[in-house]
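Student: I would like to learn how to read the enclosed and open spaces in a model, and then the strands around them. Could you take me through it step by step?

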Amino acid sequence: SANTVSIDGIEWYVLAQENNQALLYSKDILEERQFHDSSADYTWSVSNLRTYLNGTWLSAKSTLSQKAVSTTINTRSTYNGSNFTTTTDKVFLLSEADLYGTQSTGVTETITADARDYTLGVEGIIVPTWMRTVEDATHTSGYYWLRNPVKVQYAVGGVNWTDGLMYAPNAYNGTVAGVRP
């Protein structure tokens with residue numbers, strides 16, 4: 001939905017709500033950070049960004065740190081594989097499937113996503129184009145991170161924040177991009 005809520009001074013879109021739980025998506029890029037610091041394994045499950053969001057970042061948020069619920073997240077281990085890594089996170093990035101309903105098999109090739117590619121584990125929430133963009137012109141990277149791998153070597157999904165199109169930023173080696181959990 002286009003409904004928003006303000007928590008800890010951050011505006012969030014309420015993407016889904018069931019009972020007393022909601023899937024939130026920050027309205028803007030909150031900061032710019034590196035996804036990971038090594039090419040050895042740059043998947044979401046071991047990324048520095050995942051550790052930071054669920055540790056230092058979340059601890060600094062008075063309401064979110066008390067209310068965020070642990071959620072089981074499935075993320076592909078490789079861009080073209082059928083293996084998924086499962087993590088339990090309170091704060092996470094959306095996947096390519098959540099934004100586009102697809103999974104990249106190459107720089108420009110995509111396939112229909114598997115239900116496990118979606119954050120909620122079922123097909124359904126696909127963020128509309130206008131919600132993929134942000135108005136904050138203070139960020140310099142030009143894109144923000146997603147959590148899934150893509151076919152470009154050492155890359156994970158990213159979104160160009162001015163037009164909402166898919167991008168494939170390098171997941172390590174000092175590359176920084178926007179963080180939009």
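Tutor: Let us begin with a term: a cavity is a set of grid points where a 1.4 Å probe fits but cannot get out, and its lining residues have an atom within 4 Å of a point. With that in hand, and remembering that this is a predicted model, we can say that the structure holds 2 cavities of 30 Å³ or more.

Student: Which residues line the second largest cavity?

Tutor: Its lining consists of Asn 74, Thr 75, Arg 76, Phe 84, Ser 95, Ala 97, Gln 103, Asp 117 and Asn 148, and the volume they surround is about 40 Å³. Strand 5 (residues 71–76) gives the largest share of this lining, with 3 residues. Sorted by class, the lining has 2 nonpolar, 5 polar and 2 charged residues.

Student: What classes of residue line the largest cavity?

Tutor: There the lining has 7 nonpolar, 2 polar and 1 charged residues, around a volume of about 50 Å³. Leu 15, Leu 23, Leu 94, Asp 98, Tyr 118, Thr 119, Leu 120, Val 122, Gly 124 and Ile 125 make up this lining.

Student: How is an open space read, and what volume does the largest pocket have?

Tutor: A pocket, unlike a cavity, is an open set of points, and the largest pocket here encloses about 830 Å³ of space. Its lining comprises 26 residues, among which Gln 21, Ala 22, Leu 23, Leu 24 and Val 69 lie nearest the centre. By class these lining residues divide into 17 nonpolar, 6 polar and 3 charged. At least two lining residues come from each of strand 1, strand 2, strand 3 and helix 2 (64–67), and the largest share, 5 residues, belongs to strand 2.

Student: In what order do the strands of that sheet lie?

Tutor: A general idea helps before the case itself: in a regular strand the side chains alternate between the two faces of the sheet. In this model 3 strands form an open, antiparallel sheet in the order 1-2-3, with strand 1 (4–7) and strand 3 (21–26) at the edges, each pairing on one side only. Neighbouring strands of the sheet are turned by 45 degrees against each other on average, direction ignored.

Student: How many bridges join the strands, and which residues stand opposite each other?

Tutor: Strand 1 and strand 2 run antiparallel and are joined by 4 bridges, with Thr 4 standing opposite Tyr 13 in strand 2. Between strand 2 (residues 10–18) and strand 3 the antiparallel pairing extends over 6 bridges, and here Val 14 stands opposite Leu 24 in strand 3.

Student: What lies between strand 1 and strand 2?

Tutor: These two strands form a hairpin with 2 residues between them, and Asp 8 in the turn has a positive phi of about 55 degrees.

Student: How should I place these details within the whole protein, and how confident is the prediction?

Tutor: The protein has 4 helices and 12 strands. Its radius of gyration is 15 Å, close to the 16 Å that the globule rule gives for 181 residues, so the protein is as compact as a globular protein of that length. As to confidence, the mean pLDDT is 87, and 95% of the residues reach 70 or more. Among the elements, helix 1 (residues 48–59) has the highest mean, 98, while strand 8 (residues 110–112) has the lowest, 72.

Key. Residues numbered from 1 in each chain as written. Predicted model: local features only at pLDDT ≥ 70, side-chain atom pairs only at ≥ 80, totals over all residues. Heavy atoms only, no water. 1 Å grid on protein atoms, 1.4 Å probe; cavity = no way out; pocket = protein on both sides within 12 Å on 5 of 7 lines; lining within 4 Å. Points joined across faces, edges and corners; volume = space filled by probe spheres on them. Nonpolar A, V, L, I, M, F, W, Y, C, P; charged D, E, K, R; others polar. Pairing = 2+ DSSP bridges. Axes fitted to C-alpha atoms, helices over the stretch in contact; angles between N-to-C directions. pLDDT = per-residue confidence, 0-100. Rg over C-alpha atoms; globule rule 2.2 N^0.38 Å.
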